[in-house]
Each structure stands twice: as structure tokens, then as C-alpha cells.
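Please look over the model shown here with its internal cavities in mind. The points that follow are meant to be read beside it.

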Amino acid sequence: MKTTRTVSELRVELAGRKGIALVPTMGFLHEGHLSLIRQARAECELVVVSLFVNPKQFGDGEDLDAYPRDEARDSALAEECGADILFAPAREEVYPDGFSTTVEVAGVTDVLCGAARPGHFAGVTTVVAKLLNMVRPDVAYFGQKDAQQALVVRKLVRDLDMPVRIEVCPTVREPDGLALSSRNAYLSADERERALGLSRALRAAEDAVAGGRIAADDVLAAAREQLQQAGIEPEYLELRSAKDLAPVERVNGSTLLAVAAQVGRARLIDNTILTGDQ
Ligand code: AMP
């Protein structure tokens, strides 16, 4: 595997290549990231993993400086999973002096994490647009763990006619249900136990729907009970259409149940798709 740090180096490596995959990450790789890299490896000729902790998607007072970083470990893991190129640009390579463009998707970024983290998705879509232009992949891989981000990225490439296919891969979880996240590194043993409340809340909602309780109030009550048992006050717990994030009154078709909560120092998110016909 080759590590590149500049767009010009990257262009040399990619010249004339076909079947290019991009897996964008902020590093501190875990099995969730690795599942995306493995899927890219299985489906594409050349796999580029990008490693960039994007300052633009962190708000004031968020964990940009504390965000865990370990490039040597990430590099070894990406190589083991069959990545061909690790693209790890410095901040100035992505945002040189005088950089002044923002790429923004309206509407679907107003709710959930977009409401809780003003400016976050503009940071995401700006960096994703840049990475797609730098690498020019045929396929880019994202995780369902960040369901709203995947939806926003799909809209970005559709609205701007970007010639790339977006693949969204399932959420990878610990055996006890906790969704893998680089931010899990912040959790103490005690907080990690409490953090299980998020995935338990989603399972309780799935059980409620499987039992025929499809009204939003019932589904949310089942989920909220699990959060309360874990001592978690959610930042949001919402049912929305999985297609466009419109609010829904009942689970009917593909419905997203999304939760975010602060547990200790970690802001955690998780979600599940409910269909009402389980
Ligand atoms: P991040 O490094 O957190 O920006 O994540 C990079 C990519 O990995 C994003 O597309 C995430 O949705 C995806 N990802 C993060 N955690 C998971 C997980 N537990 N399962 C599947 N994909 C994940």
C-alpha cells in the first residue's frame, strides 16, 4: 500500500486507472471502517482510503483537538484489508490559504444532527465534494451508522451530477450491540455500559413494531424507556422517513429511528430502519 499526501502525488498513482473506490474516513479505524474497505476491495480494482480529520465538520467547543489519531495503526489496518492507497493529506492540502468555498445541501441537513450541530453538514459536504474531485472514484463507500450523512451525500452527488455511485454499508456492532465508533475510545468502563442504552433503545423499538405497535408515540416510548433505564437523556430520539427525513406519525414503509446522546465525553449516534412489516 502506498501513502500519498498531496493531490498531485495521488493523480500520478491514479492516472489511467479504472474501477476506483474511495472510502473516506477520519481515521482511528475500527471494524466499521474496515467493513467498508473490504467491500470496496471485493468490488473495485483500486481502493483508496482517505484519512483526514476534517476541521470544518467540528463546531466550536467540539472534540477536534481530542479526536483520536493513530496513522501508523490505521495504515497497517487499511493495508491488511487490501487498500492500495492511503490518502492522508495535511490540513493545508485540503484547505490552502484563501480557501473560501462551501458546498451545502439544504433541507435534509436541517434536522437531527444538522439541528444539533450547526454547520456540521456543510463541513461534511464540502470535504466530501473535495475528496470526490481529488480522487474521482467510480464508487464511494459510506456507513449506515451515519444514516443522515449517507442521505446527505447521496443528495449531494445527485444534485451536482457527480459521476460516482454511493454505496452504503450496514452498521457494524460489538457483540453486545454497541455501534462501533472512533469516539467509543472516550468511554470509561462505566460509560460504555451506559452507552448500551442506545442500541437497546433501537432493539426495543424494533420489538414494539414487530408486536404491531407502529404509532410513533408507542415506538418512541419503547425506545425512551431503555434510554431512561441507562440514565441517558437523548439529544434527539426521532422517527423520520428514511427517504427524505420528513417526520412520520407511524412506522409505514422505510422509517428511520435515529438517536443521539452525550455519554461522558462521547457524543454517540445510532439508528435503525423500521419497516413495519417485520
Ligand atoms: P468516520 O471516520 O467516523 O468519519 O467514518 C468514516 C466512515 O465509516 C463513514 O462512512 C461512517 O459512516 C463509517 N462508519 C463509522 N462507524 C461505522 C460502523 N460502526 N459501521 C459501519 N460503518 C461505519
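Which helix and which strand each supply at least two residues of the lining of the second largest cavity?

1. They are helix 8 (189–210) and strand 9. The model is predicted, and the points below should be read as such.

2. Two cavities of 30 Å³ or more turn up when the whole structure is searched. The volume of the largest is about 870 Å³, while the second largest holds about 60 Å³ of space.

3. The largest cavity is lined by 49 residues. Of these, Met26, His33, Lys145, Asp146 and Gln149 are the closest to its centre.

4. Several elements each supply at least two residues of the lining of the largest cavity. The helices are helix 2 (31–43), helix 6 (120–135) and helix 7 (147–159). The strands are strand 2 (20–25), strand 5 (139–143), strand 8 (255–263) and strand 9 (266–274). Helix 6 gives the most to this lining, namely six residues.

5. By class, the lining of the largest cavity has 26 nonpolar, 17 polar and six charged residues.

6. In the second largest cavity, the lining consists of Lys145, Leu178, Ala179, Ser181, Asn184, Ala195, Leu198, Ser199, Leu268, Ile269 and Asp270. Six of its lining residues are nonpolar, three are polar and two are charged.

7. Lys145 lines the largest cavity and also lines the second largest. Strand 9 supplies at least two residues to the lining of the largest cavity and at least two to that of the second largest.

Definitions and conventions:
Residues numbered from 1 in each chain as written. Predicted model: local features only at pLDDT ≥ 70, side-chain atom pairs only at ≥ 80, totals over all residues. Heavy atoms only, no water. 1 Å grid on protein atoms, 1.4 Å probe; cavity = no way out; pocket = protein on both sides within 12 Å on 5 of 7 lines; lining within 4 Å. Points joined across faces, edges and corners; volume = space filled by probe spheres on them. Helix = DSSP H or I, 4+ residues; strand = E, 2+ residues; numbered from the N terminus. Nonpolar A, V, L, I, M, F, W, Y, C, P; charged D, E, K, R; others polar.
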